[in-house]
Structure formats: C-alpha cells, structure tokens
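Subject: Handing over a structure

Hi,

Here is the structure I promised to pass on. Could you open it in your viewer and keep it beside you while you read?

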Amino acid sequence: MRKFLTRSLAVSAVALLALGTAACGDSEREGSSSPSGAAAKGFAADSLIGVALPSKTSENWVLAGDLFTNGLKDAGFKSDVQYAGASTTVADQQAQISAMVTKGAKVIVIGATDAAQLSTQVKAAHDAGIKVVAYDRLITQTPDLDYYIAFDNFKVGQLQGQALLDGMKAKKATGPWTVELFSGSPDDNNAGVFFNGAMDVLKPLIDKGDVIVGSGQKDVKQTAIQGWKAEGAQQRMDSLLTSTYTAGKTLDGVLSPNDTLARAIITSVKAANKPIPVVTGQDSEVESVKSIMAGEQYSTINKDTRKLVAETINMVKALQAGNEPTINDTKSYNNGVKVVPSYLLPPVIVTKANAAEAYANDPKLSPLTK
Ligand code: BGC
C-alpha cells in the first residue's frame, strides 16, 4: 500500500518519505491484465475525442498537442485538442473539459494542470458515459477516472537520483557529496512522484551522511517550483548560492526534475561564476541535449512523446471497438480513491555517453549527438 501512495500522492508522499519508502520491485510492472468490469460498448469510428492538455511548460506538451491532432485525424476520429492558458490554468482546463462533455466526446484524454481539481468534470464525463484517460499526469481524488497512461514516473525519479550519484562519483570518487534538491510544481501529481523516486535512491545516502543537502532543504515543499517556471528555479538557485555556497563551499550536484529547470539552474550557477555541478533533467529538450553534448547538463530522460501519444491513440481505438485497452499495471498508481488501471512505458536515462544510441530513431535529436 505504501508503494502505491508513494507514487501517486504528492502530498501524502512527503509524510511517507519520512517513514522511508520501499523500492518498487520489477514484479510490480510485470504481467498484462485487464481491469475488472465490463468491456466498453464501443462507439462510432468518426467520434469526437477530446484532449485537454496543461499549459506549455515544456516541449513535450507542445509536441503532444500536434501529435494528437494529426494522429487522431489519421485514425479517423474528430478531435478537440485544447491547452490550459498560462495563468488561469485550472479554470481554463475545467471549462475545456466541460465543453468536451457537452460536445459529445466519447473519450477525453487529460494531461491535468492540477491533479486534484478535476473531480467534478471527470464525474460529469463519467456520468455521460465518456471514458476518461489521464495522460502523463495522474488525476487524483476521483473514482471516475478510467485509465492512466504514462511513462513510469516513479522510475523517472529513481533514474534521476541514480544519475545524480553516478555523475558526482565520476567527478569525485568518494563522498561526501554536497547537493541541492529541486522539485516540480506542487499541483502536478508527477512532481511528488519524481521527487519520491529520486529520494528512494538518495535518502539512504543522505541518512548515512554520504550525500549532504547543503541548504538543509530536503522536503518536497521547500524544493518545489510553482508552475514549473524557469524563473522560479533560477531565483531559488540564486538565493541558495548566496546563502549557502559562499567562502569556497562546493556544490557537487543538483537534482533537477526536468530540463527547463535544469537550464535555469545552470544559468544561475554560471552567472555566479561557480563551477557547474552535476545537474539532472528530464524531457530530452533540444537545448538540454545540446547542453549535455557540450558537457554542461549531466543527464536527461527520454520519455518519447511520439510513443506515448501513439499508445494513447491505441487505447482510444480499443475503446472505439468495444474492447478493453491494454493495461500492464494494476497496482502502482493509487489516486487517493482507487488504484487506476495503467499502461506504463519505460523511461530511459540519457547522458552524453548514450545519447547517440538513445536518440538514434529521433530525427530531431539524433543530429545533435553527432
Ligand atoms: C511531465 C514532465 C514535464 C513537466 C513540466 C510533468 O508532468 O511529466 O515531463 O517536465 O510536467 O511540463
């Protein structure tokens, strides 16, 4: 049970962290099964499919919108793809989902802008017989969510934590290593999942004193960057450097939950004329892949948006045909009300050493690794 909540509830997870979280064994991800319940009835092949995405806080979301528009059209569906705006994100997304229900969508795919603020809209969709799929970010506090499809985001955090250690060890074989921790936006359920995945790897070393959090800010609330905003990360890094890294104190590494924040952290360090520490990331953004190849950012994660959107469209096609979509996890992602049947894809850690291999099939990123 602890494992489920660790993955799925950003807030409770903080408390659970204090209890010490268990590593998630591979057995959790094995097997393929269908969730219980009757198969969907199916619907017309040219039905409307709604896609409600959050604001464009990273390149993956921009890409997802285009891929959904084109992919759903190619599959014969009508689509309504919407983004939450930059400021009134929650209200925007709530209104967009309500409009999709009114327009008669048969499936609504949601990349939640605020995990816990959609239960009314998800219930309205469910009551209208619409299937609701949480895309990339889990929707919490609702019994009405049908499926979750994502790269395994707890695993993302574990890979980030391990990359941080590997990068620091490569520079300085033995500890203690001094680090700072950053996490994403508190309203995004993934932020806590990434942080807990990373802490699953780092906490034992912090407890032993091999890894020292220089500022002492180890709680997800202290490390959070509202709205995943680059300027928020840059400001926090500026103030950490001033408060903690004066008088020759070295910062060996920074846990950054994604590439946008990683580059902001590196900008801050450079402006302070300090050596660049090992900085993790996520999303394989173009500028971060360039930075990795230039030896600045240490790592990123490849969560290939093309695959995730294609698998989501496969899920929609299965529902259209009246079949249960493929599910490969019925244990890991508890949304506070129920364990949501999930289809999880494996994320890949990328450093300079494996970038060429990791992006070999990506025409946009592959040339950057040559
Ligand atoms: C996604 C990350 C992304 C972040 C900010 C998260 O929910 O999983 O890939 O970096 O949102 O956009």
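Below are my notes on the fold, the ligand site and a few backbone details.

First, the ground rules. This is a predicted model, so to speak of local features a pLDDT of at least 70 is needed, side-chain atom pairs count only at pLDDT 80 or more, and totals for chains, interfaces and linings use all residues. Residues are numbered from 1 along each chain as its sequence is written, and side-chain values use heavy atoms, with hydrogens and water left out.

**The chain as a whole**

The chain has 13 helices and twelve strands; these are DSSP runs numbered from the N terminus, with helices being H or I of at least four residues and strands E of at least two. Of its 370 residues, 54% are buried, where buried means under 20% relative accessible area, exposed over 50%, and partly exposed in between (1.4 Å probe, protein chains only). The chain exposes about 14,600 Å², and carbon and sulfur atoms supply 53% of that; accessible areas come from the Shrake-Rupley method with a 1.4 Å probe, and for residues only the protein chains shown count as cover. Taking contacts (heavy atoms within 4.5 Å) between residues at least 6 apart in sequence, 72% join residues at least 24 apart.

**The six-stranded sheet**

An open sheet is built from six strands in the order β2-β1-β3-β4-β5-β11, with parallel pairing. Two strands count as paired if DSSP finds at least two bridges between them. The edges are β2 (78-83) and β11 (342-345); each has a single partner strand, so one side of each is left without a neighbour in the sheet. On average, neighbouring strands of this sheet are turned by 15 degrees against each other, direction ignored. Angles here run from 0 to 180 degrees between N-to-C directions, and axes are lines fitted to C-alpha atoms, for helices over the stretch in contact.

Within the sheet, β4 (residues 131-135) and β5 (residues 147-151) pair in the parallel sense over three bridges, and Y135 has I149 in β5 as its bridge partner. Helix α4 (residues 89-102) lies across β1 (48-53), β2 and β3 (107-110), and runs at about 175 degrees to β1.

**An enclosed strand**

Why is strand β6 (residues 177-181) largely enclosed by the rest of the structure? Five of its five residues are buried, so the rest of the structure largely encloses it. Both faces are covered: W177, V179 and L181 are buried on one side, T178 and E180 on the other. Strand β6 runs parallel to β7 (residues 211-213), joined to it by three bridges, and W177 has V211 as its bridge partner in β7. In the loop between α6 (153-171) and β6 sits P176, which is joined to G175 by a cis peptide bond with omega about 0 degrees.

**The ligand site**

Which residues are closest to the ligand? They are T57, S58, R137, D188 and D283, out of 14 that surround the ligand; a residue is near a molecule or strand if one of its heavy atoms lies within 4 Å of it. Oxygen atoms of the ligand have polar side-chain atoms close by: one at 2.6 Å from D188, one at 3.0 Å from N190 and one at 2.9 Å from N258. The protein covers 100% of the 310 Å² of accessible area that the ligand has on its own.

D283 also has a positive phi of about 110 degrees although it is not a glycine. Its place is in the loop between β9 and α11, and D283 is buried, with a relative accessible area of 14%.

**Other places to look**

In helix α11 (residues 286-293), the buried residues are V286, S288, V289, S291 and I292. Their cover includes α3 (59-74), α10 (259-271), β10 (299-302) and β12 (348-351). G295, just after α11, takes a positive phi of about 80 degrees.

N273, in the loop between α10 and β9 (278-279), is another non-glycine residue with a positive phi, near 55 degrees. Is N273 buried or exposed? N273 is exposed, with a relative accessible area of 72%.

N334 lies in the loop between α12 (305-320) and β11 and is buried, at 7% relative accessible area. A polar atom of the N334 side chain is 2.6 Å from the backbone nitrogen of G336.

Best wishes

Technical notes:
Polar contact = N/O pair within 3.5 Å; in protein donor to acceptor, adjacent residues only side chain to side chain.
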